[in-house]
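Let's take a walk through this structure together, from the overall make-up to the helices, the cores and a few loop residues. Keep the view open and turn it as you read.

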Amino acid sequence: MLARKGLLLDGFLLTRLAEDQNQRNRVRSRSQKARFITKTGSCNVAHKNIMEQGRFLQDVFTTMVDLKWQHSFLIFTSAFLCSWMLFAMIWWLLAFAHGDLEPRDPNSEPGPVPCVTAIHSFTSAFLFSIEVQVTIGFGGRMVTEECPLAITVLIIQNILGLIINAVMLGCVFMKTAQANRRAETLIFSRNAVIASRNGRPTFMFRVGDLRKSMIISATVQLQVIRRTVTAEGEVIPVCQLDIQVENPLRSNGIFLVSPLIISHTMERGSPLYELSAQSLASEDLEILVILEGVVETTGITMQARTSYTPEEILWGRRFVSIMTEEDGRYCVDYSKFGNTVQVKMSSLSAKELDQIRGVQEGGSSDPVNLQGWGLVRAGRGGFRRGGGRACDGSTAPPPWYAQSEQPQREAEHKGKKKKVQLEEIGRQMEEDVLGETSY
């Protein structure tokens, strides 16, 4: 539908079809299991055997907003029809009790003044009920001052009609302005990749926004859903573990003005630390992606979700660049949004690589941190430097390249001579000259 509206290029859809075809051709070593979050972002959870159904009636407005459109229209139509029929019955009873329904000879003298003029049957009473509630007022039927009870019924029906209109209009507005409508133009890459970045295995996926209106205060949260067993033997079928998102600001905030590649370093303390190319196919896990923010145009908080199963994670691949600079501005080619290229990468896990590189399991007193960013190019001519604090708050052991640089630094310090500050020598000479001239 987005392609028909011109929001997406045809090449983007062809790329998605090619990825789906490659995905179906992959050999799967285990049977397809249910996923917690679907690719469209809906929760794949069925609630059964709910005994206290009355709790939903305590919050009728939210229940009506959560209903499907066909059910909502059915309730709206039923509410209006029932109210019209109810008051039509009341108007007919008033006319019957007052004697307005008795047949009269048109040539005879006029009878008593009726409560409502031109009501001769239930059909005319139903038409008058509609005219009162929707304030049409054709002028053929009206309430007279003969019956005070009829005036009271008229007031009650007007108040009830306004309440029904307000509730129905509020439900329609909330359903059309729901935050998940804005999430339809937030796209995630069909597959996630694992490639080497700065010498470390890194889990990456791409996210983009098709609209020009921005998402304010956008944040990304990653979670791993897997089946775990505690030390006491308790089986937790759905265990949620947070994953640290790489960000030099030490927060999950992003500036989603163009498609971004969100990454997570698979290091010590990460749930993916022991994941390898061979164990990926047999892993029973699901990586959830939750993007939250405030819609710039409406100010409503929105949330977009997706997930990646082991079959949707590509080992040893990297996303291609889709941003170019043309005519003094940046251009994004969404036809390559999900394209990846093969890169050279070891099939070992991050833990096995650390063991090969000589990283000790017990940690080290060196303040260098595996979670740190080091010196990473941040943009055009800029650099950023990360901190030295791990996800769990403790100081992580140094990486393999830090250990190899330490002996070299010590050797350089031993070979250097002691330096004398020239400022101190110059200051001493000035004091000697001043002392001689004073004598």
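Helices here are DSSP runs of H or I with at least four residues, strands are runs of E with at least two, and both are numbered from the N terminus. Counted in that way, the chain has 10 helices and 16 strands. Please keep in mind that this is a predicted model. Of the 439 residues in the chain, 34% count as buried. Contacts across the sequence are well represented too: among contacts with a separation of 6 or more, 67% join residues 24 or more positions apart.

A good place to begin is a set of three helices, α3, α4 and α5. Start with helix α3, residues 69-98, and helix α4, residues 122-133. The two pack at an angle of about 125 degrees, and their axes are 8 Å apart. Because angles over 145 degrees count as roughly antiparallel and 65 to 115 as roughly perpendicular, that angle makes α3 oblique to α4. Their crossing is right-handed. On the α3 side, the residues that meet α4 are F80, S83, W84, M85, F87, A88, M89, W91 and W92. Facing them from α4 are F122, A125, F126, F128, S129, I130 and Q133. By class, the residues of this contact divide into 13 nonpolar, 3 polar and no charged.

While you have this pair in view, look for L81, which also lies in helix α3. Is L81 buried, partly exposed or exposed? Its relative accessible area is 42%, and because the partly exposed class runs between 20% and 50%, L81 counts as partly exposed. The C-alpha atoms of L81 and I130 are separated by 9.2 Å, although these residues are 49 places apart along the chain.

Now bring in helix α5, residues 148-176. It packs with α3 at an angle of about 175 degrees, with the axes 11 Å apart. How do the directions of these two helices relate? Since the angle is over 145 degrees, α3 is roughly antiparallel to α5. The residues of their contact divide into 18 nonpolar, 5 polar and 1 charged.

The remaining pair of the three is α4 with α5, which pack at an angle of about 60 degrees with their axes 9 Å apart. These two helices are therefore oblique to each other, and α4 passes α5 in a right-handed crossing. From α4 the contact draws on S129, V132 and Q133, and from α5 on L154, Q157, N158, G161 and I164. Here the classes come to 3 nonpolar, 5 polar and no charged residues. S129 and Q133 may look familiar, for they are also among the α4 residues that meet α3.

Next, turn to the strands and the nonpolar cores. In soluble globular proteins, nonpolar side chains tend to be buried together. The largest nonpolar core in this model has 36 residues, and F203 and F205 touch the most other members. At least two residues of this core come from each of β1 (186-188), β2 (192-197), β3 (200-209), β4 (215-229), β8 (285-295), β9 (301-308) and β10 (313-315). What does F205 contact once its neighbours within four places in sequence are set aside? Its partners are F188, S189, A192, V220, L222, L260, I261, I262, V289, Y308 and F319. There is also a second, separate core of 13 residues, and L94, A95, C115 and A150 are included in it.

To finish, visit three loop residues. Most residues other than glycine have a negative phi. Against that background, A118 has a positive phi of about 65 degrees. A118 sits in the loop between α3 and α4 and counts as partly exposed, at 32% relative accessibility. D327 likewise has a positive phi, near 55 degrees, without being a glycine. You will find D327 in the loop between β12 (323-326) and β13 (329-332), where its relative accessibility of 81% makes it exposed. The last stop is Q244, in the loop between β5 (235-243) and β6 (253-254). At 28% relative accessibility, Q244 counts as partly exposed. Its C-alpha atom is separated by 9.6 Å from that of M266, which is 22 residues away along the chain.

Conventions. Residues numbered from 1 in each chain as written. Predicted model: local features only at pLDDT ≥ 70, side-chain atom pairs only at ≥ 80, totals over all residues. Heavy atoms only, no water. Axes fitted to C-alpha atoms, helices over the stretch in contact; angles between N-to-C directions. Parallel < 35°, antiparallel > 145°, perpendicular 65-115°, else oblique. Left-handed = near helix turned anticlockwise from the far one by under 90°. Contact = heavy atoms within 4.5 Å. Nonpolar A, V, L, I, M, F, W, Y, C, P; charged D, E, K, R; others polar. Core = buried A, V, L, I, M, F, W, Y, C linked by side-chain atoms within 4.5 Å. Buried < 20%, exposed > 50% of the residue type's maximum accessible area, 1.4 Å probe, protein only.
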